[in-house]
Amino acid sequence: MTDDGQNLPSVEVGTDETGKAVVRLRGSWNLRMLTPRMKVLRAELRQLAKPGLCWDLCQVKALDSAGALVLWETWDSRLPAQLLLQDSHRPLFDIWMHQQAPVPMARPSWLSRMLDAMAHASETSIDHLQDAFVVLGQLLLDGIDLLFHPGRIPWREISSTIYTTGVRALPITGMVGLLIGVVIAYQSALQLRNFGGEIFIIDILSVSIAREMGPMLAAIIVAGRSGSAMSAQLGVMRLTQELDAMKVLGMSVSQRLVLPMIVGMAITLPLLTIWTDGMAILGGMLAANATLDIPIEQFINGIPQALSMVNLWIGLGKAMVFGALIGMTGVHIGLRIEPNTRSLAAGTTNAVVTSITLVLVLDAIFSIVFRNVSWGA
């Protein structure tokens, strides 16, 4: 107890032989002894922090970096002009003397931030395009190779993709198609009844579903269900080093994984579109019968007159392109996933968002290109 009392840090104000004021520090100025009296000592030192004072630290028994920092802050980050200090304590202040104060950075203007964001987005887009062209080039080479070696065509992998992305998606696409058909028929019936054009519900349902709504609904559902699954599958295989193992064994990742996924999706989506079209027209037919009293037989007989084969083929062609695009996007993002769980989660989300966005953009382009192509029967 006596030693601790003698080692307590203290501050005394006196004078030297010439009568000049001197601040003398005594005791141990280390973290252990400073902690109980930190607030009191800081207040005393703050009152004595005046220019021209002489500071005498020769009676300080122990000094560490914590005590040196307290004094350094009291002296406004510079040593006093008159300082008496033990040679063993001087290196503790030299550390702070050689540290430069951080220079405050000016906040960039909104224009600079916008330009930086645009530059980053452009760089990321170019990087994605380069990787996408690499995948497309590899697919082209694989297609040429399989053309001359038909025995290497991965029929089993393509069939598996068709089953997982198509057959297992029939319930959800059928239900969504049925409900969308009911909604379109009900909302259209409210307007057609005002103009006495109830019979035109057949034309509206047949053309809009077969040409636009069917391919779009199927593509969006498949993008959310199967596109993300493809990215997750490739990401997990990258995380568990299965892709590296396939390369070591001499197996082509492109022919065994990438090609079957894209080809399978291009085959699956038109078939799902036909199924979705049928369920949507069925839902619209039932709703029209309930709201407009249109007989089911009349509705069935009117579909071939309202829907031309050109419109049907346009819808199926769009579905095939959507399928290939969704497969390409899922594979592209899946191959870019880094071997960690954070990148896997982000890549799976990006695959869904990117696929749906690209489908919407491509559908808008198709609508403009084919705007004058056979809207009639």
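This passage describes two pockets, one helix and one buried threonine in a predicted model. Residues are numbered from 1 along each chain as its sequence is written. As the model is predicted, local features need pLDDT of at least 70 and side-chain atom pairs count only at pLDDT 80 or more, while totals for chains, interfaces and linings use all residues; side-chain values use heavy atoms, with hydrogens and water left out.

The largest pocket (an open set of points on a 1 Å grid over the protein atoms alone, where a 1.4 Å probe fits, with protein on both sides within 12 Å along at least five of seven lines) has a volume of about 590 Å³, a volume being the space filled by probe spheres set on the points, which are joined across faces, edges and corners. Its lining, made up of residues with an atom within 4 Å of a point, comprises 20 residues, of which His128, His332, Ile333, Arg336 and Thr354 lie nearest the centre. Helices H6 (110–148), H13 (309–336) and H14 (341–369) each supply at least two residues of this lining, helices being DSSP runs (H or I, at least four residues) numbered from the N terminus. By class, the lining of the largest pocket divides into ten nonpolar, eight polar and two charged residues (Ala, Val, Leu, Ile, Met, Phe, Trp, Tyr, Cys and Pro count as nonpolar, Asp, Glu, Lys and Arg as charged, and the others, Gly among them, as polar).

The second largest pocket holds about 350 Å³ of space and is lined by 14 residues, with Val134, Val135, Lys247, Val253 and Leu335 nearest its centre. The largest share of this lining, four residues, comes from H6, and H10 (242–248), H11 (253–291) and H13 are also among the helices that each supply at least two residues. Six of the lining residues of the second largest pocket are nonpolar, three are polar and five are charged.

Helix H8 (residues 170–195) contains a kink of about 30° centred on alanine 189, the bend at a residue being the angle between axes fitted to the seven residues ending there and the seven starting there. Among the buried residues of H8 (under 20% relative accessible area, 1.4 Å probe, protein chains only) are Gly174, Gly177, Gly181 and Ala189, and the elements covering the buried residues include H9 (201–239) and H11. After H8 comes glycine 196, with a positive phi near 70°.

Threonine 161, placed in helix H7 (residues 155–165), is likewise buried, with a relative accessible area of 9%. Leaving aside residues up to four places away in sequence, threonine 161 touches Gly166, Met230, Pro260, Met261, Gly264, Met265 and Thr268, contact meaning heavy atoms within 4.5 Å.

Methods
Expected span 1.5 Å × (residues − 1). Buried < 20%, exposed > 50% of the residue type's maximum accessible area, 1.4 Å probe, protein only.
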